[in-house]
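Subject: Structure handover

Hi,

Here is the structure I promised to pass on. Have a look at it first, then read on for my notes.

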Amino acid sequence: MNKQSKEALIAEFSVKLKEAKAAFLSDYRRLDVDQANDLRNKHREAGVEYRVVKNTQQRLASKDTESACLDQYLIGPTSIA
């Protein structure tokens with residue numbers, strides 16, 4: 001992913017965080033592929049966006065948003081809903 005693509009992703013994610021009513025972080029390491037797909041499908045059915053984002057990109061996107069308070073929990077593999 002080139003620098004422009006990363007910046008666009010961060011900008012898009014920042015807008016979504018500003019508009020979000022809530023954000024939840026989770027550690028997905030112990031999920032196997034079937035469990036991860038099931039979790040994604042359940043989120044999709046509920047109208048919730050579920051993504052795995054690099055911690056650095058998450059920190060940059062949450063800067064100047066209410067979600068910045070979650071930065072302290074961005075350790076290891078993290079997903080956000």
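How many helices and strands does the protein have? Three helices and three strands. Before you go further, keep in mind that this is a predicted model. Starting at the N terminus, the elements alternate as α-β-α-β-α-β.

**Overall shape**

The C-alpha trace spans about 35 × 25 × 25 Å along its principal axes. For 81 residues, a compact globule would come out with a radius of gyration near 12 Å, and the protein has 13 Å, so the two agree. Of the contacts with a separation of 6 or more, 78% join residues that sit 24 or more positions apart.

On the surface side, the accessible area is about 6,100 Å², and carbon and sulfur atoms hold 52% of that. Buried residues account for 27% of the 81 residues. As for charge, there are 14 positive and 12 negative ones, and their mean positions lie 5 Å apart.

**Helix α3 and what follows it**

Helix α3 covers residues 55-62, and its buried residues are N55, Q57, Q58, A61 and S62. Why do they end up on the same side of α3? Because they cover an arc of only 160° around the axis. What do these buried residues pack against? Their partners are α1 (3-19) and β3 (79-80).

Just after α3 comes D64, with a positive phi of about 65°. You may want to look at that one on screen: D64 takes this phi although it is not a glycine. The residue belongs to the loop between α3 and β3. D64 has a relative accessible area of 69%, which is over the 50% cut-off, so it counts as exposed.

**Helix α2 and the loop after it**

Two residues of α2 are in my notes, H43 and D38. H43 sits in helix α2. Is H43 buried or exposed? Its relative accessible area is 18%, and since buried means under 20%, H43 is buried. Setting aside residues up to four places away in sequence, H43 touches V48, Y50 and A81.

D38 is also found in helix α2. At 37% relative accessibility, D38 counts as partly exposed. If you want a distance to check in your own viewer, take D38 and G76: they are 38 residues apart along the chain, and their C-alpha atoms are separated by 22 Å.

Moving on from the helix, A46 lies in the loop between α2 (33-45) and β2 (51-52). A46 is exposed because its relative accessible area, 58%, is over 50%. How far apart are A46 and Y28 in space? The C-alpha to C-alpha distance is 19 Å, with their positions 18 residues apart in sequence.

**Helix α1 and the N terminus**

M1 is in the segment before α1. With a relative accessible area of 66%, M1 is exposed. Which residues is M1 in contact with, leaving aside its neighbours within four places in sequence? The answer is K6 and L9.

Within helix α1 itself, I picked out E12. E12 has a relative accessible area of 39%; that falls between the 20% and 50% cut-offs, so E12 is partly exposed. E12 and R40 are 28 residues apart in sequence, and 20 Å separates them in space, C-alpha to C-alpha.

**Where to start**

If you only have a few minutes, I would open the model at these places:

- α3, with its buried residues packing against α1 and β3.
- D64, for the positive phi of about 65° in a residue that is not a glycine.
- H43, for its contacts with V48, Y50 and A81.
- M1, for its contacts with K6 and L9.

Over to you now. Shout if anything in here is unclear.

Cheers

Definitions and conventions: Residues are numbered from 1 along each chain as its sequence is written. This is a predicted model: local features need pLDDT of at least 70, side-chain atom pairs count only at pLDDT 80 or more; totals for chains, interfaces and linings use all residues. Side-chain values use heavy atoms; hydrogens and water are left out. Helices (H or I, at least four residues) and strands (E, at least two) are DSSP runs, numbered from the N terminus. Buried means under 20% relative accessible area, exposed over 50%, partly exposed in between (1.4 Å probe, protein chains only). The arc is that of the directions from the helix axis to the C-beta atoms. Contact means heavy atoms within 4.5 Å. The radius of gyration is taken over C-alpha atoms; the globule rule is 2.2 Å times the number of residues to the power 0.38. Accessible areas come from the Shrake-Rupley method with a 1.4 Å probe; for residues, only the protein chains shown count as cover. Lys and Arg count as positive and Asp and Glu as negative; His and the chain ends are not counted. The place of a charge is taken as NZ of Lys, CZ of Arg, CG of Asp or CD of Glu.
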